[in-house]
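Good morning, and thank you for making the time. I would ask you to keep the sequence and the structure in view while I speak.

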Amino acid sequence: MIVGVLKETYPGEHRVALVPAVLPSLKKGGMDVIVESKAGEQAGYPDSTYIEKEATIASSRAEVFEKADCVVQVRLLGANPTEGQSDLAGFRKGQMLIGMAEALTVPQSVQDLASREVTAFALELMPRITRAQSMDILSSMGTVAGYKAVLIAATSLPKMFPMLMTAAGTVTPAKVLIIGAGVAGLQAISVAKRLGAAVEAYDIRPAVKEQILSLGAKFVELPLETGAAEDKGGYAKAQDETFYKKQRELLGKVIAASDVVISTAAVPGKKAPILITTDMVGAMAPGSVIVDLAAERGGNCELTKPGHTIVVDGVTIHGPENLSSTVPFHASQMYAKNVATFLLHLVKKGEIQLDMNDEITKETIMTRNGEVVQPRIRELLGLPAQSA
């Protein structure tokens, strides 16, 4: 079986779907790899490093489409609205596609893939179960984003993070609030603590309190009913506006007292909840910093401009998009490990073997035999439920 790696075409996307280090494990599993020339260059993996691991370098993108039985990408069509359509004609019947697809946000793109009669998998739909942890790209990329968010905050804040006792006096530690304690939030807590900040964290899911405390941060307790705040996959569930209004009222004082707020609250397939209002920003001290990791979903801050950094009333608000791509070497390394593990789950002795009773396969597969088969995507498209 031949696995093809395409160079990413989404503007600003520097990651690559497979790195040379994972190729020997794929070779052992009966897979050869063909890589579009310079696909890994921006991530720090030149063609020569792939050749050393016995990959073939394709002279053109068309050659990858022609020869690959399975094409792996960082961004499939739905996650690459600007350039993804140009690849559609290259896919052929029966070809397998693997990558991030934004399937729940842009379901029509899945219908477009189905029209090419490909078998496409969305890695962001990976179930949160123990067996799938090594394939969980949301956790991997969240780790990178949480790390980078703290660095952005630290370089923007006109204060130092750690407490320092010097001959010139004592410098008090910066106060950092993390909103949302998923993987990105927990990584942000860890990095901010290592930089010496006084860290607090809040999440509507009560189950994460122990994780927050274990990292040395203080858990922000709010008197809210949060029993139904988590779905079976461990993700936060969307709440009604009454809940969010009460939450904003209670969070206001904590935010006003913080030097840095890093917000990571997102609900899969939905617009991010507004947790930081214009009034809250106005109550923060001049020089304070907000890093809104939910910017790609509209933002947790009412003033966030996705892809931009703005200053309002002396408060700097960062709305970074595709933050993981700004650390492309290690982000690609982690993503590639997830992809390689997933490939080895699907391919046995060089042959694709799809077990539709397996939870990992069943949850991630989007299209097969010209049909959209993922139930949640079918519902979003208004298609009737399929029989078992």
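How many aromatic pairs does a search of the whole structure find? Three aromatic pairs are found, and I shall discuss two of them in some detail. Please bear in mind throughout that we are looking at a predicted model.

Let me begin with the overall architecture. The chain contains 13 helices and 19 strands. Its radius of gyration is 22 Å, close to the 21 Å given by the globule rule for 388 residues, and the chain is therefore as compact as a globular protein of that length. The C-alpha trace spans about 65 × 50 × 35 Å along its principal axes. Of the 388 residues, 52% count as buried.

The contacts give a complementary view. Among those in the chain with a separation of 6 or more, 68% are accounted for by residues 24 or more positions apart. As for the surface, the accessible area of the chain comes to about 17,200 Å², and 53% of this belongs to carbon and sulfur atoms. The chain carries 39 positive and 42 negative charges, and the mean positions of the two sets are 3 Å apart.

I now return to the aromatic pairs. A pair of aromatic rings is described by the distance of the centres and the angle of the planes. Of the three pairs found in the search, I take Tyr-45 and Phe-329 to start with. This pair is stacked, with 4.7 Å from centre to centre and 10 degrees between the planes. The two residues are 284 positions apart, and the pair links distant parts of the chain: Tyr-45 is in the loop between β2 (32–36) and α2 (47–52), while Phe-329 is in helix α11, residues 328–346. Are the two partners buried or exposed? Tyr-45 has a relative accessible area of 8% and is buried. Phe-329, at 36%, is partly exposed.

The next pair consists of Phe-65 and Phe-91. The ring centres are 5.3 Å apart and the planes stand at 85 degrees; since an angle over 60 degrees counts as edge-to-face, that is the class of this pair. Phe-65 belongs to helix α3 (residues 61–67) and Phe-91 to the loop between α4 (85–88) and β5 (96–100), so the pair ties together parts that are 26 residues apart in sequence. Phe-65 is buried, with a relative accessible area of 9%. Phe-91 also counts as buried, with a relative accessibility of 4%.

Let us go back to helix α11 for another of its residues, Asn-338. Asn-338 counts as buried, at 3% relative accessibility. Which residues does Asn-338 contact, leaving aside neighbours within four places in sequence? They are Ser-134, Met-135, Asp-136, Ile-137 and Ser-140.

One of these partners, Ser-134, is worth viewing from its own side. Ser-134 is in the loop between β6 and α6 and counts as partly exposed, at 36% relative accessibility. Beyond residues up to four places away in sequence, Ser-134 touches Lys-337, Asn-338 and Thr-341. By contrast with these contacts, Ser-134 and Gly-29 have C-alpha atoms 17 Å apart in space, with their positions 105 residues apart in sequence.

The loop between β6 (119–122) and α6 (137–156) also holds Leu-123. Leu-123 counts as buried, at 0% relative accessibility. Not counting residues up to four places away in sequence, Leu-123 touches Ile-98, Gly-99, Ile-137, Tyr-335, Val-339 and Phe-342. The C-alpha atom of Leu-123 is separated by 17 Å from that of Ile-352, a residue 229 positions away along the chain.

Finally, a word on backbone geometry. Where does a residue other than glycine show a positive phi? Lys-38 is one case, with phi near 70 degrees. Lys-38 lies in the loop between β2 and α2, and Tyr-45 of the stacked pair is found in that loop as well. Lys-38 is partly exposed, with a relative accessible area of 43%.

Asp-313 is another case: its phi is about 55 degrees, although it is not a glycine. Asp-313 is in the loop between β14 (309–312) and β15 (315–318). With a relative accessible area of 56%, Asp-313 is exposed.

That concludes my presentation, and I welcome your comments.

Conventions. Residues numbered from 1 in each chain as written. Predicted model: local features only at pLDDT ≥ 70, side-chain atom pairs only at ≥ 80, totals over all residues. Heavy atoms only, no water. Helix = DSSP H or I, 4+ residues; strand = E, 2+ residues; numbered from the N terminus. Rg over C-alpha atoms; globule rule 2.2 N^0.38 Å. Buried < 20%, exposed > 50% of the residue type's maximum accessible area, 1.4 Å probe, protein only. Contact = heavy atoms within 4.5 Å. Areas by Shrake-Rupley, 256 points an atom, 1.4 Å probe, with all protein chains shown as cover. Lys, Arg positive; Asp, Glu negative; His and termini not counted. Charge placed at Lys NZ, Arg CZ, Asp CG, Glu CD. Phe/Tyr/Trp six-rings, centres within 6.5 Å; stacked < 30°, edge-to-face > 60°.
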